[in-house]
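Work through the exercises below with the model open. Try each task before reading its solution.

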Amino acid sequence: MSYHHMAVVTKDMAATHSFYSKGMGFELVKVEKAPSPTGGWAKHFFYDTGDGELMAFWELHDDTIPADHETGIATGLGLPMWTNHIAFGAADHRALMAAKDRLLSQGIDVMEIDHHWCHSVYATDPNGIMVEFCMTTEEFSQADKD
């Protein structure tokens with residue numbers, strides 16, 4: 001079964017749109033406005049991550065949701081930012097370096113780590129969510145499973 005989308009909340013859709021469209025290189029493909037279940041309304045923004053799978057963001061307009069709500073999927077739970085994060089696949093080294101260069105060209109700080117079985121480039125989005133481009137560098141074996 002394929003992955004369809006992940007949805008998270010944003011407080012600043014303009015900054016989120018800039019980060020994911022210009023920095024990450026994802027295409028905005030759908031915006032949906034609808035009533036929220038608790039009486040307000042919301043916009044749902046869907047971005048194609050490059051292979052038809054989607055990343056979505058909620059822009060909430062609902063008085064029942066506190067204005068000071070957390071958007072970080074790790075820090076909002078009291079965890080370090082690196083724990084809960086979102087990783088997107090890079091097909092090869094060229095794609096990984098293109099992702100890194102695109103983020104840097106937008107003034108976004110990146111961190112690059114060789115994990116010895118994959119190579120990753122990390123950045124933090126405007127919502128306090130760590131995102132990663134990751135390229136697997138070796139095949140998994142039975143020893144990896146063990």
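## Exercise 1: A helix pair

Helix 1 and helix 2 are oblique to each other. This is a predicted model. Task: justify the label oblique from the axes of helix 1 and helix 2, then describe their contact.

Solution.
- Step 1. Two packed helices are described by the angle between their axes and the distance between the axes.
- Step 2. Helix 1 covers residues 13-23 and helix 2 covers residues 93-105. Their axes come within 9 Å and cross at roughly 140°.
- Step 3. Angles over 145 degrees count as roughly antiparallel, and 65 to 115 as roughly perpendicular. The crossing angle of roughly 140° fits neither class, so the pair is oblique.
- Step 4. Helix 1 supplies F19, K22 and G23 to the contact, and helix 2 supplies A99, R102 and L103.
- Step 5. By type, these contact residues are three nonpolar, one polar and two charged.

## Exercise 2: The salt bridge

Task: find which residue forms a salt bridge with E112, and state where both partners lie.

Solution.
- Step 1. Side chains of opposite charge can pair when their charged atoms come close.
- Step 2. Searching the whole structure gives one salt bridge.
- Step 3. The partner of E112 is K100, with the closest N and O atoms 2.5 Å apart.
- Step 4. E112 sits in strand 6 and K100 in helix 2. They are 12 residues apart, and the pair links distant parts of the chain.
- Step 5. E112 has a relative accessible area of 33%, so this residue is partly exposed.

## Exercise 3: Two histidines

Task: decide whether H119 and H116 are buried or exposed, and place each in the chain.

Solution.
- Step 1. H119 belongs to strand 7, residues 118-124.
- Step 2. Its relative accessible area is 16%. Buried means under 20%, so H119 is buried.
- Step 3. The side chains of H119 and E112 share a polar contact of 2.7 Å. Leaving out residues up to four places away in sequence, H119 also touches others, including L96, F133 and M135.
- Step 4. H116 lies in the loop between strand 6 and strand 7.
- Step 5. Its relative accessibility is 65%. Exposed means over 50%, so H116 is exposed.
- Step 6. Most residues other than glycine have a negative phi. H116 has a positive phi, near 75°.

## Exercise 4: The whole chain

Task: how many helices and strands are in the chain, and in what pattern?

Solution.
- Step 1. The chain has three helices and eight strands.
- Step 2. Along the sequence, the pattern reads β-α-β-β-β-β-α-β-β-β-α.
- Step 3. Of the 146 residues, 34% count as buried.

Definitions and conventions. Residues numbered from 1 in each chain as written. Predicted model: local features only at pLDDT ≥ 70, side-chain atom pairs only at ≥ 80, totals over all residues. Heavy atoms only, no water. Axes fitted to C-alpha atoms, helices over the stretch in contact; angles between N-to-C directions. Helix = DSSP H or I, 4+ residues; strand = E, 2+ residues; numbered from the N terminus. Parallel < 35°, antiparallel > 145°, perpendicular 65-115°, else oblique. Contact = heavy atoms within 4.5 Å. Nonpolar A, V, L, I, M, F, W, Y, C, P; charged D, E, K, R; others polar. Buried < 20%, exposed > 50% of the residue type's maximum accessible area, 1.4 Å probe, protein only. Polar contact = N/O pair within 3.5 Å; in protein donor to acceptor, adjacent residues only side chain to side chain. Salt bridge = Lys/Arg side-chain N within 4 Å of Asp/Glu carboxyl O.
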